[in-house]
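Colleague: I'm new to this one and would like a close look at a single part, the largest pocket and the helices around it. Could you walk me through it?

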Amino acid sequence: MNLDIKGLRVLVTAGANGIGLAIARAFAGEGANVHICDVDTEALKALRASDPTLTQTVCDVADRAAVKSLFAEATSVLGGLDVLVNNAGIAGPTAKVDEINPEDWDRCLDICLTGQFNCTRLAVPLLRESKNASIVNISSAAGRLGFAMRAPYAAAKWGVIGFTKSLSIELGPDNIRVNAVLPGLVAGDRQRRVLESKAQQRGISFTQMEQTAFSYTSIKEYVTPQQLADQIIFMCSPKGRTISGQAISICGDTQMLG
């Protein structure tokens, strides 16, 4: 299928690893011009060799001064902006609410929610000049379901849904589409670390924790980063021009999180 996105100008936050990298590579593979940011300098260094077409900036999205520099550099390289993918996020602490370090709470929300605001507020004036403008905010299945011992992460990801819906209404008159994607259990090191942490909290093995997680899904397999990237590319292409204000789950029909 020709998605007609050659030359699309795309910024992906946390694009050096995992889901972000899959998204960036998928856009680039369809002929888009892609700029990424990340805090992982070693991963960025490796990408300069493996993916030289992906231009890059070191940036922590919780740092507003760094985000300002990111947008100055990205727009200079890209010559404008058509798509912002707010992918940056961290897992946050795994603990009972009364045992959570308040600094860990703050850091989780600063990156997972406020970081999206920090980027979006600078992107919107640029997107108003685009003929095919989209914002995609990465939420989570935790953004529609309760998640015991992961309160900061769930709170942030629920916040992303409210942020997305509000933006879709606000920015619709500017022809800027805004959607959220809610991944379930995504294959990769980050998901494994989350399950390992929960297994340790419960005093069970990783295999038992993994089996418990999949017991709450209809399709008992991991979501791949490529599946998420494919959905996002379609939404950001002209073929997705009337898709806005949606919280799209790609989760194997996850009914709860345990």
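Which helices and strands each supply at least two residues of the lining of the largest pocket?

Modeller: Keep in mind that this is a predicted model. The elements that each give at least two residues to the lining are α1 (18-29), β2 (33-38), α4 (102-127), α5 (151-171) and α6 (189-202). The top contributor is α6, with seven residues. The pocket itself holds about 1100 Å³ of space, and 50 residues line it. If you want to find its centre, look for Ile19, Gly89, Ile90, Ala91 and Arg190, which lie nearest to it. By class, the lining has 26 nonpolar, 14 polar and ten charged residues.

Now for how some of those helices pack. Two packed helices are described by the angle between their axes and the distance between the axes.

Let's start with α1, which packs against helix α8 (residues 225-236) at an angle of about 50 degrees, the axes being 8 Å apart. That angle makes the pair oblique, and their crossing is right-handed. On the α1 side, the contact uses Gly18, Ile19, Ala22, Ile23, Ala26 and Phe27. Facing them from α8 are Pro225, Gln226, Leu228, Ala229, Ile232, Ile233 and Cys236. Eleven of these contact residues are nonpolar and two are polar, with no charged ones. Ile19 turns up twice here: it is in this contact and is also one of the residues nearest the pocket centre.

Next come α4 and α5, whose axes come within 8 Å and cross at roughly 15 degrees. Angles under 35 degrees count as roughly parallel, so that is what we call α4 and α5. The crossing is right-handed. From α4, the residues in contact are Trp105, Cys108, Leu109, Cys112, Leu113, Gln116, Phe117, Thr120 and Val124. They meet a set in α5 that includes Tyr153, Val160, Phe163, Leu167 and Leu171. This contact has 16 nonpolar and three polar residues, and again no charged ones.

Last is α6, the helix that gives the most to the pocket lining. Its partner is helix α7 (residues 206-214); the two axes come within 9 Å and cross at roughly 110 degrees. The two helices are therefore roughly perpendicular to each other. Arg192, Leu195, Glu196, Lys198, Ala199 and Arg202 in α6 touch Phe206, Met209, Glu210, Thr212 and Ala213 in α7. Here charged residues do appear: the contact divides into five nonpolar, one polar and five charged.

Key: Residues numbered from 1 in each chain as written. Predicted model: local features only at pLDDT ≥ 70, side-chain atom pairs only at ≥ 80, totals over all residues. Heavy atoms only, no water. 1 Å grid on protein atoms, 1.4 Å probe; cavity = no way out; pocket = protein on both sides within 12 Å on 5 of 7 lines; lining within 4 Å. Points joined across faces, edges and corners; volume = space filled by probe spheres on them. Helix = DSSP H or I, 4+ residues; strand = E, 2+ residues; numbered from the N terminus. Nonpolar A, V, L, I, M, F, W, Y, C, P; charged D, E, K, R; others polar. Axes fitted to C-alpha atoms, helices over the stretch in contact; angles between N-to-C directions. Parallel < 35°, antiparallel > 145°, perpendicular 65-115°, else oblique. Left-handed = near helix turned anticlockwise from the far one by under 90°. Contact = heavy atoms within 4.5 Å.
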